[in-house]
Amino acid sequence: MDTPFLPPSPERTLEGWPDWSILIVDDEQGMLNFLVKTLAPRCHFVMSASSAEDGAQWLRGHHVDLVILDISLPGKSGVVWLKELREQGFTGEVILITAFADLDTAIEALRAGASDFILKPFRVPQILNAVKHCYERSRLRRENFVLRRAVVTSAPGRAALVGASPAMQHLRESIARVAPVNSTVLLQGESGTGKELVARELHALSSRAGGPFVPVNCAAVSPELIESELFGHAKGAFSGATRARDGLFHYAQGGTLFLDEIAELPLSIQATLLRAIEDLNIRPVGSEQLVPLNLRIVAATNRQLSEEVAAGRFRKDLYFRLQVVDLTLPPLREHKDDIAELVAHFIAQLAPSLGVEPLAISEPEMDFLRQYDWPGNVRELRNLIERSLILGSLNVSALYPGQTRRPEASSATPTDLHTLEKMHILSVLDSVQGDKTRAAQLLGVSRRTLERRVAEWGSA
């Protein structure tokens, strides 16, 4: 290396400029000095090299966001090295510069994966504009990926936490305290209690609100693909990897990565995740490059992680690393005073999207809803309201099969509620011919929760 790297100095970065790491490769010392002097005051840090071989050596142990690369180099040419970089999985931006070029050279450079192409000699504004355009291109690519993923997964936008009960007030206060800090957060609670909603609220109230919110359901990705999905991979890293791909950690840079159902991660991936959190960098599968992280992780699970640790299914060290801040979401049965407000919220939210008239809920019908134990929590209540809006009346009989639609006496015992819950679940199972996956979807609970309830009744 001809020029020593400039150590990271975030305070040196000018406002409006990307907090990027840049590698400049050129065999002309005067050009290297000019580019370093121009870019160093504006970016995170700048490194220079006089050959492709020196640049490759630097990249083996460091991450850069942008390479400014001369085409005519001693030894390996800039275009040849660029093709190798792309094949090895480098997904950063590359600006090619040259003093001698024709149309064929420019076409070859763009086909090799260059982001921009500049002819020497050039002035300061030209290189600054090229760097800004690369940054904008990178930002838009990440935003487009996040938006496409949100559309595919039907991820909801930010919604307010509904309810004025003491439990919900305490949850809001906890979120307000936790959101401004950058610590990892672990959300625990039963299925359907709104863990993703809380994660989005934490993101929206944080200093990272302007960055992406990237959710991933760890249970929905096969164990064979989860490492590549999270960390990305290089071309040829495994069978079928015909091109390099960035992972979800990359697309969450500057924002929040929400790892839902984290207890479903295989133990081997748990170890990789622990290293990423502790070292604040990742290594894509099959790649030699370390990528620094600038994001916040919020994890969620409907299991008791302490029990999973005791059973050997979850790493103790990862559990403690995630449990920097631990928020437990209350089940709906513990804040039934919020049911009326939740019902009104879901009717106002769903009726316009379904194109139906809002429902008028009578007080006796509301009493029925308050008596039910809601094993599927808020998600089950939402599903009931959606079905009722489609049918045109509150489907209370679905909660209490065979019962008259009159409010129970206020002295109803907890045993009666459990019996009614059992009757409802068995009724739903019967309506789908015992299909537990479909029944769990209708009830708004996980299949695992449904199987556990049925097993408890079988042993009773």
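The mean pLDDT of this predicted model is 81 over the chain, with 86% of the residues reaching 70 or more. Two stretches fall below 50 in pLDDT: residues 1-15, which nevertheless have 42 contacts in the model beyond near neighbours in sequence, and residues 402-415, for which the corresponding number is 14. Where pLDDT is low, the predicted coordinates should not be read in detail.

The largest nonpolar core holds 33 residues, and the members that touch the most others are Leu-230, Phe-249, Leu-259 and Leu-273. Two or more residues of this core come from each of β7 (213-217), α8 (226-231), α9, β8 (256-260), α10 (267-279), β11 (296-301), α11 (305-310) and α12 (316-322), and α10 supplies the largest share, five residues. Leu-230, when its neighbours within four places in sequence are left aside, is in contact with Val-216, Gly-247, Leu-248, Phe-249, Leu-259, Leu-265 and Ile-269. Another core lies apart from the largest one and comprises 24 residues, among them Phe-45, Ala-56, Leu-59 and Leu-85.

The second largest pocket encloses about 1100 Å³ of space. Its lining consists of 48 residues, and those lying nearest the centre of the pocket are Trp-20, Asp-65, Arg-142, His-250 and Gln-253. Elements giving two or more residues to this lining are α5 (124-152), α9 (248-251) and β10 (291-292), with the largest share, eight residues, coming from α5. The lining divides by residue class as follows.

| Class in the lining of the second largest pocket | Residues |
|---|---|
| Nonpolar | 18 residues |
| Polar | 20 residues |
| Charged | ten residues |

Methods: Residues numbered from 1 in each chain as written. Predicted model: local features only at pLDDT ≥ 70, side-chain atom pairs only at ≥ 80, totals over all residues. Heavy atoms only, no water. pLDDT = per-residue confidence, 0-100. Contact = heavy atoms within 4.5 Å. 1 Å grid on protein atoms, 1.4 Å probe; cavity = no way out; pocket = protein on both sides within 12 Å on 5 of 7 lines; lining within 4 Å. Points joined across faces, edges and corners; volume = space filled by probe spheres on them. Helix = DSSP H or I, 4+ residues; strand = E, 2+ residues; numbered from the N terminus. Nonpolar A, V, L, I, M, F, W, Y, C, P; charged D, E, K, R; others polar. Core = buried A, V, L, I, M, F, W, Y, C linked by side-chain atoms within 4.5 Å. Buried < 20%, exposed > 50% of the residue type's maximum accessible area, 1.4 Å probe, protein only.
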